Amino acid sequence: MRTQDIPIASVGRIGKIHERVLIKLGIRTCRDALFYYPQRFDDFSAIVSIAQVAANTIITVRGTIQIIRNRRSRNRRMIVTEALLADESGSIKVIWFNQGFLSKVLKIGDRVSLSGRTSENILDLTLVNPAYEKESIDTESTHTGRLVPVYPGAAGITQKQLRIIIRAAIQSSLHELSEWMPQEFFNVERLMGIKESINAIHFPDSAEQWKGARNRLAFDELFFLQLAFLSTRSSQQHQPAFTCTFYEDKTRRFIEDLPFDLTKSQKIAAWEIVKDLERSHPMNRLLNGDVGSGKTVVSAVALLNVALSGAQGAYMAPTEILATQVYERISALMRPFGISCALVTAHKYQVSSIKYPVSRKEALEKIHGGEIHIIIGTHALIQKSVRFNRLALVIVDEQHRFGVNQRKALREKNPSGEMPHLLSMTATPIPRSLSLALYGDLDLSILDEIPKGRKKIITKIVPSQYREWTAEFIRKECSHGRQAFVICPVIDPSDVLAVRSTTQEYERLRSTVFQNFRVGMLHGKMKAREKEDIMGGFAAGAIDILVCTSVIEVGIDIPNASVMLIEGAERFGLAQLHQFRGRVGRGEHQSYCFLFPTESARDVVPRLSALVKCSDGFELAEMDLKNRGHGDLLGERQSGIPLFKLASLADVTGLKKAREWAEKLFPQLGDYPLLRARLADFERDAHLE
Ligand code: ADP
Ligand code: MG
């Protein structure tokens, strides 16, 4: 066994309690400790002689303890440890609060190094609560007199203990970490070696050295992610999948029968997908298109060809309402071709060839028997009870990463053992510069055109004096039978954030502003069933105004909704606001989006004004990336995307370089066992296996 793999508990004196805390932090082995990077540093590198110590500065002094003793504070509540430290230049007073044990640990005559802030009072200069460390001739300092690492911590373990453990891990196992990048890499890239980098990311001699280490280790994160993507792709190439036939004439007829012409990008995407389906290895493709760009028909073209080929396609939507909407649209499109569709959610079962709702048993039997070729539903589709006849294609709408395991589970439902082709669809615009980092394992089809004839959504940033005017506007729209959304950034009122909350606004609007209308509320704390009911009520027109949190972000189609009002608009990224806006303007009515920034946040108006001018989700996403980094883009959706510890998704150059090296080295992986071993570790740590 490599020393790196030995349990962390065996490198030093680590008690059971600490071991448990370390495991919570993800540190089980020495290797885990090596890759557990500090989140910041305390700069204790200014080592001065005592005579030079100034007031109110952070310094390190080294000397001998002259006096040390405990006393009670005046109010007797605290133990105060007082000491006097002397070097050749002079002496300084030191005090610690509530660390009475120090008078036992540090003894008169001990040589120590102390780091901390000095008091403001120059006349009674004191070093207050400094970090301390006994000096020894043969070891380097760890807690004082240097850039001292501060780690993401946890209750039950101190920073000092963490530093000691990590240092011990470095001492016992770093020597056997061998450079995994080949020489040809270092011939081109001026990056630090791995051993030096790991040492310097924890215990750098200087900020410069830390930067060097960070650059190298950040590169590694990008590089191994790309390498992992390539390896996933290549292993998929070896799995069997159902080979679909492309029914060109019928596809043409299908497209001609649509009440509109496909956009150019829809045609290209449909073509790319159909071509993938003709191959005998699983497709793994992401269809990325703005809200309303028409992803559903593109997916329908794929489903059509799968069904005509005699296999089955499944479409998974995030909610029951959406599944129902998609079911209605797709089954209508398939009717002329005699293709049966089914709807399967937790509570709803329908089969398009039968008018009345069927029983669950009946629906599942028909699916298993292969009578039904297109199955539309929610996550309920991957439950054990659903068995397919020959599942060739899975379409996942708005769920981003459909896990490898879920996919395996689907394959196991397939009597043939074939891996289904996978088409993921998302309306979250992913800037091209990011798609490599996030979806480097997928092929990408992009719908970057909005169908012709769509009315532009009129967007306004509304000054607060126009609040009543806006309310009146909404009342008018609703009296004409339209519907409106009101979005608030938080669910419950909060004193800290001076923003409007969903529950409060709901009460206010329901009881006063819109008392003559039917107002509903929707937020993430509600039960799934409740949410479905409210959404259903809104979709059916039983609710005029829906007050909600960002839960409606995910594509619900309410063609009758014409107004989107967003409170605390500055709290959202542009791309996200654009997504909200996309919930209206889906029917024939002119639609409006009103942005209300929080009063105190008026200076955000310039940023928000991009929304007034621009209606291209991709462009807005790029702006977000420039303005506020990638956090906004990913939002809560980060799950499943391996988080980088050091690398930045915005580092486009680094990403490209990482991809290039990955492409260059992947085919030669057999020649580089160390690289291969590191890839396996990386995949395990990132849960990518
Ligand atoms: P999304 O990409 O957000 O899922 P949808 O597939 O729901 O978009 O399409 C939104 C609306 O646009 C639907 O009513 C659909 O019928 C319509 N649509 C799709 N493609 C076109 C097109 N090329 N021209 C006109 N309307 C279209
Ligand atoms: Mg959609």
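Which of the 16 residues around ligand 1 come nearest? Select ligand 1 in this predicted model and display the residues around it: the ones that come nearest are Asp261, Gly292, Lys295, Thr296 and Arg454.

Before going closer, step back and show the whole protein, whose C-alpha trace spans about 95 × 70 × 45 Å along its principal axes. A cartoon view will show 23 helices and 21 strands, and if you colour the 689 residues by accessibility, 54% of them count as buried.

Now return to ligand 1 and turn on a surface for the protein alone, where you will find that the space taken by this ligand is the largest pocket. Colouring the shell of residues around ligand 1 by chemical character divides that shell into four nonpolar, six polar and six charged residues.

Next, select Gly292 and show its backbone atoms, since a backbone N or O atom of this residue lies 2.7 Å from an oxygen atom of ligand 1. Move on to Gly294, where a polar backbone atom is 3.1 Å from an oxygen atom of the ligand. Then select Thr296, and this time show the side chain, in which an N or O atom is 2.6 Å from an oxygen atom of ligand 1. With these contacts in view, consider the ligand's surface as a whole: taken alone, ligand 1 exposes 560 Å², and the protein buries 82% of that.

To finish, keep Asp261, Lys295 and Arg454 on display beside the ligand, as they are also among the residues that come nearest to ligand 1.

Conventions
Residues are numbered from 1 along each chain as its sequence is written. Chains are lettered from A and ligands numbered from 1 in the order in which they are written. This is a predicted model: local features need pLDDT of at least 70, side-chain atom pairs count only at pLDDT 80 or more; totals for chains, interfaces and linings use all residues. Side-chain values use heavy atoms; hydrogens and water are left out. A residue is near a molecule or strand if one of its heavy atoms lies within 4 Å of it. A polar contact is a pair of N or O atoms within 3.5 Å; within protein, one must be able to donate a hydrogen and the other to accept it, and residues adjacent in sequence count only if both atoms are side-chain atoms. Accessible areas come from the Shrake-Rupley method with a 1.4 Å probe; for residues, only the protein chains shown count as cover. On a 1 Å grid over the protein atoms alone, a cavity is a set of points where a 1.4 Å probe fits but cannot get out, and a pocket is an open set with protein on both sides within 12 Å along at least five of seven lines; lining residues have an atom within 4 Å of a point. A molecule sits in a cavity or pocket if more than half of its atoms lie within 2 Å of its grid points. Ala, Val, Leu, Ile, Met, Phe, Trp, Tyr, Cys and Pro count as nonpolar, Asp, Glu, Lys and Arg as charged, and the others, Gly among them, as polar. Helices (H or I, at least four residues) and strands (E, at least two) are DSSP runs, numbered from the N terminus. Buried means under 20% relative accessible area, exposed over 50%, partly exposed in between (1.4 Å probe, protein chains only).
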